[in-house]
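Reader: I am new to this structure and would like a close look at one part of it, namely the pocket. Please take me through that part with care, and then through some single residues that deserve a second glance.

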Amino acid sequence: MTLYKFATINDRQVFYREAGDPTHPTIILLHGFPTSSFMFRDLIPLLADRFHVIAPDYIGFGQSDAPSVAEFDYSFETLTTHVAGLIEKLGLSSTILYMHDYGGPVGFRLFTHNPKAVTGFVIQNTNAYMAGVGEMPAQIFLPLWEKRDAASEAAARGLLSADTTKYQYQVSARNVEAISPDNWTHDQALLDRPGHDAAHLNLLEDYKTNVALYDSWHQAFRTHRPKTLIIWGRNDPFFIPAGAEAYLADLPDARLVWLDAGHFVLDENAATVAAEIKASFAG
């Protein structure tokens with residue numbers, strides 16, 4: 001059974017899904033953009049027999065608080081701070097991190113802040129190398145990072161549109177009829193909250209702070225060598241296959257599994273992903 005809970009972290013309400021036996025190894029599922037822990041709704045019950053599963057929503061996402069930009073600093077460091085606060089509140093001393101998209105910057109920050117608390121990575125279409133950035137996002141991100149103005153913001157706003165949200169789920173799906181429209185309907189309703197575009201634009205700009213940390217993350221990978229499973233939708237136009245392969249230079253013992261999928265993989269591959277995670281981490 002999946003339980004739906006809230007915790008107060010730094011005076012903000014953080015929503016999270018929880019399942020499984022707390023005496024089992026804990027895996028934290030860190031979602032991407034523009035979604036929430038909702039993306040893991042099918043995966044959670046497939047893992048709950050062998051793991052204690054925690055799937056939080058970042059501040060500004062899903063069911064967690066979504067304050068205005070005047071009330072909250074939307075940066076990857078503050079998103080991470082609230083996830084770290086939840087981990088502390090739940091008393092979790094050892095975790096495996098499943099990271100997708102935005103989940104990578106959050107998870108790798110958690111790891112470098114406290115590497116001994118992270119026993120493993122599941123890396124799914126999330127970047128820690130510029131080699132993994134596809135042409136499409138590069139055309140949007142690089143101008144925004146160089147100079148945030150009306151022109152670069154206008155391009156970035158395209159990532160917040162309903163058409164783009166739907167595209168992210170359907171691109172490279174083996175069968176688009178197997179991809180639930182609940183995905184983009186749910187995500188877009190939250191993206192379209194009044195004034196919330198400003199929060200997402202701030203995060204899109206702040207993504208450059210992740211790139212600035214890449215070298216330090218690579219050093220931490222080499223130093224601590226966490227057990228790593230890389231599961232990658234090889235047809236992702238946003239985070240391309242070179243991004244998956246780049247990890248192997250710093251995590252040479254990682255296991256790389258290719259999926260015939262795009263950026264989001266779980267609608268068609270949840271059972272495969274669960275089986276791979278169990279094979280790597282359930283002992």
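Author: What follows describes the pocket, then the backbone at a few loop positions, and then one loop residue with its contacts. Please keep in mind throughout that this is a predicted model.

The largest pocket has a volume of about 190 Å³, and its lining is made up of 14 residues. Those that lie nearest the centre of the pocket are A84, I87, L110, N114 and A117. Looking at the lining by element, one finds that α2 (76-89), β5 and α3 each give two or more residues to it, and that α2 gives the most, with 5 residues. Looking at the lining by class instead, one finds 7 nonpolar residues and 6 polar ones, together with 1 charged residue.

One of the elements that line the pocket, β5, also leads to a point of interest in the backbone. The loop between β5 (95-100) and α3 (103-113) holds D101, a residue with a positive phi of about 55° although it is not a glycine. This deserves attention because most residues other than glycine have a negative phi. D101 is buried, since its relative accessible area of 6% falls under the 20% limit for that class.

A second residue of this kind is S172, which is not a glycine either and has a positive phi of about 65°. S172 is placed in the loop between α6 (162-170) and α7 (182-191). Here the relative accessible area is 27%, and S172 therefore counts as partly exposed, a class that runs from 20% to 50%.

The backbone has a further feature at P34, which is found in the loop between β3 (26-30) and α1 (43-47). The peptide bond that runs from F33 to P34 is cis, and its omega is near 5°. As a rule, most peptide bonds are trans.

F33 appears again in the surroundings of L159, a residue in the loop between α5 (150-157) and α6. Leaving aside residues up to four places away in sequence, L159 touches F33, I140, F141, T164, Q168 and L204. L159 is buried, because its relative accessible area of 8% lies under 20%. As for H82, which stands 77 residues from L159 along the chain, the C-alpha atoms of the two are separated by 24 Å.

Technical notes
Residues are numbered from 1 along each chain as its sequence is written. This is a predicted model: local features need pLDDT of at least 70, side-chain atom pairs count only at pLDDT 80 or more; totals for chains, interfaces and linings use all residues. Side-chain values use heavy atoms; hydrogens and water are left out. Helices (H or I, at least four residues) and strands (E, at least two) are DSSP runs, numbered from the N terminus. Buried means under 20% relative accessible area, exposed over 50%, partly exposed in between (1.4 Å probe, protein chains only). On a 1 Å grid over the protein atoms alone, a cavity is a set of points where a 1.4 Å probe fits but cannot get out, and a pocket is an open set with protein on both sides within 12 Å along at least five of seven lines; lining residues have an atom within 4 Å of a point. Grid points are joined across faces, edges and corners, and a volume is the space filled by probe spheres set on the points. Ala, Val, Leu, Ile, Met, Phe, Trp, Tyr, Cys and Pro count as nonpolar, Asp, Glu, Lys and Arg as charged, and the others, Gly among them, as polar. Contact means heavy atoms within 4.5 Å.
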